[in-house]
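Colleague: Could you take a close look at a single part of this model, and then follow what surrounds that part in one connected account?

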Amino acid sequence: MEVSLRGKTCIITGATHCIGLVTAKLFSELGARVIGIGRHIPEGNKGVEFVKLDLTSRADVLSFIERYKREVGVIDVLINNASVNSRYSVLDITLEELDRMIELEVVSPILLSRMAAELMIKNKVKGKIINVSAIQAYKPLESSLAYSTVKGALISMSRSLAVDLGKYGIQVITVLPGPVYTKGEEVPEDLDRRAATLLRRMGRPQEVARLLAFLSSDLNTFITGSEIIIDGGRLISRRPDPDEITSGKV
């Protein structure tokens, strides 16, 4: 069986870099109409309809939602993937940083999920809403208060959405990547060797994208309210993280 997204309309946030960009390209190759949301529109990426949008601005998000409902009006898959690193402890985080993280990774996903659910129900689409969390929701790094908090919130949000939307046939899933290299296409060999995963290497964005493609496809028919970890065994590994990971450099 081959994964196909032909005929599906998909929104992917954080689609202009890293995991989101790789996922957007893959979904387009698999036949989907992809609306990729991000702060910057990349050049030379055919097949993806990029929309420049600041997801930390509630007014901008609400404006996009109204425009999307009016001009497109259909959605099969929503992937709330947008994320930024945030390296503050409870002792030094500012209210501005806390607000930014909550708007980006809690408020915006809820607003977009509500839009997606309304359109899916209206059009009788048994769609998918997938929230991209992180294993830091379970195992925080030092000085990552806001990041770990919002990633944990996405898990609880997904469970609540799954309870509310299951009767409509809408599946809601959380994906938790572990150490995935996002600074370029080639992982430094030394960093791969020191990665604290059971597979003794860093993850690649393509590996997460392929998982998201399966979960978004018609092959996935009975998963909802669940968390799926893709971390190469990091959570059960006893190896220490490389300094580049603990410091937030990668």
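Modeller: What follows starts from one helix and moves outward through its neighbours, the charged pairs and the enclosed space.

This is a predicted model, in which local features need pLDDT of at least 70 and side-chain atom pairs count only at pLDDT 80 or more, whereas totals for chains, interfaces and linings use all residues. Residues are numbered from 1 along each chain as its sequence is written, and side-chain values use heavy atoms, with hydrogens and water left out.

The part I have chosen is helix H1, residues 18-29 (helices, H or I, are DSSP runs of at least four residues and strands, E, of at least two, numbered from the N terminus). Its 12 residues should span 16 Å at 1.5 Å a residue, and the end C-alpha atoms are 17 Å apart, which agrees (the expected span is 1.5 Å times one less than the number of residues). Cys18 is found in this helix; its phi is near 55 degrees, a positive value in a residue other than glycine, and with a relative accessible area of 26% Cys18 is partly exposed (buried means under 20% relative accessible area, exposed over 50%, and partly exposed in between, using a 1.4 Å probe and protein chains only). After H1 comes Gly31, whose phi is also positive, near 105 degrees.

The buried residues of H1 are Ile19, Gly20, Leu21, Thr23, Ala24, Leu26, Phe27 and Ser28. They pack against strands E1, E2 (33-38), E3 (48-52) and E4 (77-80), and against helix H6 (205-216) (contact means heavy atoms within 4.5 Å). Seen from the strand side, Cys10 lies in E1, residues 9-13, and is buried at a relative accessible area of 1%. Leaving aside residues up to four places away in sequence, Cys10 touches Phe27, Ala32, Arg33, Val34, Ile35 and Val77, and Phe27 is one of the buried residues of H1. Cys10 and Ile79 are 7.7 Å apart in space, C-alpha to C-alpha, although 69 residues separate them in sequence.

On the helix side, H6 has 12 residues and reaches 16 Å from its first C-alpha to its last, close to the 16 Å expected at 1.5 Å a residue. In H6 the buried residues are Pro205, Val208, Ala209, Leu211, Leu212, Ala213, Leu215 and Ser216, and what covers them includes H1, E4, E5 (128-132), E6 (171-177) and E7.

Turning to charged pairs, the count comes to 14 salt bridges (a side-chain nitrogen of Lys or Arg within 4 Å of a carboxyl oxygen of Asp or Glu). The side chains of Lys8 and Asp218 meet in one of them, at 2.9 Å from N to O. Lys8 lies in the segment before E1 and Asp218 in the loop between H6 and strand E7 (226-230), so this pair ties together parts that are 210 residues apart in sequence. Lys8 counts as buried at 12% relative accessibility, whereas Asp218 is exposed, with a relative accessible area of 54%.

Another salt bridge joins Lys151 and Glu105, whose closest N and O atoms are 2.8 Å apart. This pair links distant parts of the chain, with Lys151 in helix H4 (residues 145-165) and Glu105 in helix H3, 46 residues apart. Lys151 counts as buried at 1% relative accessibility, and Glu105 at 2%.

Glu105 also leads to the enclosed space, being among the residues that line the largest cavity (on a 1 Å grid over the protein atoms alone, a set of points where a 1.4 Å probe fits but cannot get out, with lining residues having an atom within 4 Å of a point). The structure holds 1 cavity of 30 Å³ or more, and the largest has a volume of about 50 Å³ (the space filled by probe spheres set on the points, which are joined across faces, edges and corners). Other lining residues include Thr13, Leu55, Asn80, Leu112 and Leu154. Helix H3, residues 95-122, gives the most to this lining, with 5 residues.

How values were computed
On a 1 Å grid over the protein atoms alone, a cavity is a set of points where a 1.4 Å probe fits but cannot get out, and a pocket is an open set with protein on both sides within 12 Å along at least five of seven lines; lining residues have an atom within 4 Å of a point.
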